[in-house]
Amino acid sequence: MSDPSVMAPLLGAAVGLILALTGAGGGIIGVPLLVFGLGLPIQQAGPIGLLAVGLAAGLGSLLGLRQGILRYRAAALIGVCGLLTVPAGVFLAQRIPNQPLTLAFALLLAWTGWQALRRVRLQPDSGESATNPRPCRLNPDVGRFDWNLPCACALGGTGLLSGLLSGLLGVGGGFVIVPALTRYTDLPAESVIATSLGVMTLVSVGGIAAAAAEGSIVWPIALPFGGGAIAGLLLGRALAARFAGRRLQQSFAVLCLIVAALLIGRVASAVV
């Protein structure tokens, strides 16, 4: 096994970098990094990944709030709904055997990669919002959403799902939140990322607290991993304008599919 004191900050930096560039994917890539890089089981890797995502997302959301691009009411609604289901996810994660949990994570990762590729392919269809209006629309006069029941239901349901997956698999839920905000709102890309980071901060707090209560966080690895994630997020924000775009999204999608295949191979070899 690699030296955790050296590898943990480096792996954490990769998580923060991905989080800053995409607003999603930090946790869902962080857990496999811990599994392959440090040899941790999913039950230990999940809470550590969630801690790193929470720390980096907290910093990113504060910066987004200062810039005025974080829609804090939407983030609060999604985050509070997510907090309701996080404990159930943590409870299940500590009671499901490692191999089935790893397989579930791999399948979710593969689905995330496939959906990311699909979104890139459909991006040129700019007329979608005219024929399929989004339930959450910004009022240009005040710069806030015109709230209605379909909007609240769409964002609340997103929060419930992201919270459950956060507790179960140690992911921040950004891979659910970013597509949902893109689909259900007319927010610009930088506001989607900032709002997603705000939600992940809230959801991660609940998951971290529940995991700490279960005694499932390995702190000597978690703290340097989280510190690396913060450093990676700051670097990613500096690089975001240069690397954001279709090519970045495609690269992230391919990375998800490759890591998913490796995890499935790991499960298959353990079964054989």
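These legends go with an overall view and several close-ups of a predicted model.

**View 1. The whole chain is built from 11 helices and two strands.** Starting at the N terminus, the elements run α-α-α-α-α-α-β-β-α-α-α-α-α. The radius of gyration is 18 Å, close to the 19 Å that the globule rule gives for 272 residues, so the protein is as compact as a globular protein of that length. Lay a box along the principal axes and the C-alpha atoms fill roughly 55 × 35 × 35 Å. Half the story is inside, half outside: 50% of the 272 residues count as buried. Take the contacts with a separation of 6 or more, and 83% of them come from residues 24 or more positions apart.

**View 2. The surface of the protein has an accessible area of about 12200 Å².** Carbon and sulfur atoms hold 67% of that area. As for charge, the protein carries 16 positive and 8 negative ones, and the mean positions of the two sets are 4 Å apart.

**View 3. C136 and C151 form a disulfide.** The count for the model comes to one disulfide, and here the two sulfur atoms sit 2.0 Å apart. The torsion about the S-S bond is about 110°, so this disulfide is right-handed. C136 is in the loop between α6 (128-131) and β1, while C151 is in helix α7 (residues 149-169), so the pair ties together parts that are 15 residues apart in sequence. Both C136 and C151 are buried.

**View 4. C81 is a cysteine that is in no disulfide.** Look for the nearest cysteine sulfur and you land on that of C153, 9.6 Å away. Since a disulfide needs sulfur atoms within 2.5 Å, that distance does not qualify. C81 has a relative accessibility of 14%, so C81 counts as buried.

**View 5. G143 sits in the loop between the two strands β1 (138-139) and β2 (144-145).** With a relative accessible area of 30%, G143 is partly exposed. Setting aside residues up to four places away in sequence, G143 touches R71 and L138. For a sense of scale, pick out T22: it is 121 residues from G143 along the chain, and the two C-alpha atoms are separated by 23 Å.

**View 6. T195 is a buried residue of the protein, with a relative accessible area of 0%.** This threonine belongs to helix α9 (residues 189-214). Leave out the neighbours within four places in sequence, and T195 is in contact with I69, L70, R71, A75, L181 and L187. R71 may look familiar from the previous view, where R71 is touched by G143.

**View 7. T112 lies in helix α5 (residues 98-122).** At 4% relative accessibility, T112 counts as buried. Not counting residues up to four places away in sequence, T112 touches I28, F175, F252 and C256. That last partner, C256, is buried too, with a relative accessible area of 0%.

Terms used:
Residues numbered from 1 in each chain as written. Predicted model: local features only at pLDDT ≥ 70, side-chain atom pairs only at ≥ 80, totals over all residues. Heavy atoms only, no water. Helix = DSSP H or I, 4+ residues; strand = E, 2+ residues; numbered from the N terminus. Rg over C-alpha atoms; globule rule 2.2 N^0.38 Å. Buried < 20%, exposed > 50% of the residue type's maximum accessible area, 1.4 Å probe, protein only. Contact = heavy atoms within 4.5 Å. Areas by Shrake-Rupley, 256 points an atom, 1.4 Å probe, with all protein chains shown as cover. Lys, Arg positive; Asp, Glu negative; His and termini not counted. Charge placed at Lys NZ, Arg CZ, Asp CG, Glu CD.
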